[in-house]
Amino acid sequence: MTEVTSDAAETRLRRSPLHERHTALGAKFAPFGGWQMPLEYAGGGVLKEHTAVREGVGVFDVSHLGKIRVTGPGAADFVNACLTNDLGRITPGQAQYTLCCDDATGGVVDDIIAYLHADDHVFLVPNAANTAEVARRLRAAAPEGVTVTDEHEAYAVLAVQGPRSAELLDALGLPTGHDYMSFSTATLDGVELTVCRTGYTGELGYELVVPSGHAVAVWDAIFAAADDVRACGLAARDTLRTEMGYPLHGQDLSPEITPVQGRSGWAVGWDKAAFWGRDALRAEKAAGPARTLRGLTAVDRAIPRPGMAVYAGDRQVGTITSGTFSPTLKQGVALALVDTDPKLPDGDELEVDIRGRRARMRLTRPPFVKPSVR
C-alpha cells in the first residue's frame, strides 16, 4: 500500500461514498491507490473477516476500483486490439480478465476486468491507481467515433463474497443464477445496478456496480437482509487473494513484470493479430522468461513479506512479491519472482531471509487453498 505521511496528503485522498458507514462501524482506514479505504473493522479484524468470507458471507467496499466506459461503433474490436485477452471468446453479458501491457516492453500497466455489453459498449474495471493511465492510453489510440470515458467516481462497487453470498442476494431479490464471469442488470428498491459473478477471494461471490448516489441505500439493504453478514476490509481481501495466488498489480504484476514472468499468459490471446505488447511478449515466450512467479508455503514458523530475498543455498534466486499468514492454512504463504531453473521444481525447499534469519519454505503451485468460485 502507498504510504501517506502528512495531513495535507491525506486530505487529497478520495473517499468512498460509503465513508460515513465505515466510520460508524469503527473502521481503521488506510490509503490505497489514492483513496482512503477501510483496512479492517472494530469487533472483527482480519481473522474474523477472512473467516466470514471462507465460511459465510462478507461484504467489501471496493469503490476505489476504476471504471472506464468505451462506447461507439467498433468499441469492442478496438478494446480487443489493445488489451491482451481475446474478447472474441466471450459474448455480451460476460466478463473477462485481461491485461493492459506496454507496447514496447510487454510490462503490465494494469490488470482489468472487461464487461462486454455489446459490440459498441465495453465497461472496464482497472485498479484505482492506474485508472487515469489506462484511460489515457485508450483515448490516445481510439479511432474516430469511439469514446473513452473515465467514470471512476460515478459508481460504487460492493463485493458480496462467500458461500452464503447467493443466499443473501436472493433475500434482496437480486439475480444469482448466472454463470461465473457473467453479469446482469437488476433493480433494488428502484435503484438500477449491475450484478457481476466476479470477485477476488476465491469464493462464490458477486460484485454490485451501483451509482454512487445510491451506494448507501444498497449497503443498508444488504446489512438489513441478514444478521450475520460481516463488513470486511482490504486487509482480509489481501489474505484471501494471496491464499488463491491471485496477483496484485504493483507487486506480482507491474510495468517491470510481464504476464509471461507473472504466469498470466492464460490471459493473453496469443493468436490475435494485435494487442499492446504482442511482439515483446511473443518473443519472451519463445525464448523463455528469466524469472517466473512461484508459490511458497512456510515449512518453519515464519511469515514472508514483500521484498524479502529467497535463497537456494548461498545463492539468491528470487524475491518475495506478496506474502502473508494464511488464516485458513495457519502458515505463511507467498508469491515470489524466482529465477527460471529446471532444478527448482515444485516441492523443493528454499530459504527466505526474514530479518536476518533464514526460514525454510517449499515451492508450491498456487492456489494454496482450493477455490470455490463456481
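A disulfide is a pair of cysteine sulfur atoms within 2.5 Å. Keep that cut-off in mind for the cysteines of this predicted model. In C196, the sulfur has its closest cysteine sulfur in C232, 19 Å away, so the two are too far apart for a bond. C101 has a neighbouring cysteine in the chain. Its sulfur is 7.0 Å from the closest cysteine sulfur, that of C100, and this too is too far for a bond. A search of the whole structure gives the matching result: 0 disulfides. Both cysteines are covered. C196 counts as buried because its relative accessibility is 1%. C101 also counts as buried, at 1% relative accessibility.

Now step back to the whole chain. The secondary structure comprises 9 helices and 20 strands. Along the principal axes, the C-alpha trace spans about 65 × 50 × 45 Å. How does the radius of gyration fit a compact globule? For 374 residues, such a globule would have a radius near 21 Å; the protein chain has 21 Å, so the two agree. Contacts add to the picture. Among those with a separation of 6 or more, 66% join residues 24 or more positions apart.

Next, consider the surface and what it covers. Of the 374 residues, 55% count as buried. The protein chain exposes about 15,800 Å². Carbon and sulfur atoms supply 49% of that area. Charge is spread over both signs: there are 38 positive and 47 negative side chains. The centres of these two sets lie 6 Å apart.

One helix shows burial in detail. Helix α8 runs over residues 234–244 and is mostly covered. How many of its 11 residues are buried? The count is 10. The buried residues include the hydrophobic-lettered L234, L240 and M244. Charged side chains are on the list as well, with R237, R241 and E243 among them. A235, A236, T239 and T242 complete it. What covers these residues? Strands β2 (27–32), β3 (35–41) and β4 (58–61) take part. So do helix α3 (45–55) and the strands β17 and β18. Just after α8 comes G245, with a positive phi of about 75 degrees.Two residues other than glycine also have a positive phi. The first to visit is K330, where phi is about 60 degrees. K330 sits in the loop between β17 (315–326) and β18 (331–339). Those two strands have appeared already, as part of the cover of α8. Is K330 buried or exposed? K330 counts as exposed, because its relative accessibility is 60%.

R355 is the other stop. Its phi is near 50 degrees, again a positive value in a residue that is not glycine. R355 lies in the loop between β19 (349–354) and β20. With a relative accessible area of 73%, R355 is exposed.

The walk ends further along the chain, after β20. That strand covers residues 357–363, and P367 is placed in the segment after it. What kind of peptide bond joins P366 and P367? The bond is cis, with omega about 5 degrees.

How values were computed: Residues numbered from 1 in each chain as written. Predicted model: local features only at pLDDT ≥ 70, side-chain atom pairs only at ≥ 80, totals over all residues. Heavy atoms only, no water. Buried < 20%, exposed > 50% of the residue type's maximum accessible area, 1.4 Å probe, protein only. Helix = DSSP H or I, 4+ residues; strand = E, 2+ residues; numbered from the N terminus. Rg over C-alpha atoms; globule rule 2.2 N^0.38 Å. Contact = heavy atoms within 4.5 Å. Areas by Shrake-Rupley, 256 points an atom, 1.4 Å probe, with all protein chains shown as cover. Lys, Arg positive; Asp, Glu negative; His and termini not counted. Charge placed at Lys NZ, Arg CZ, Asp CG, Glu CD.
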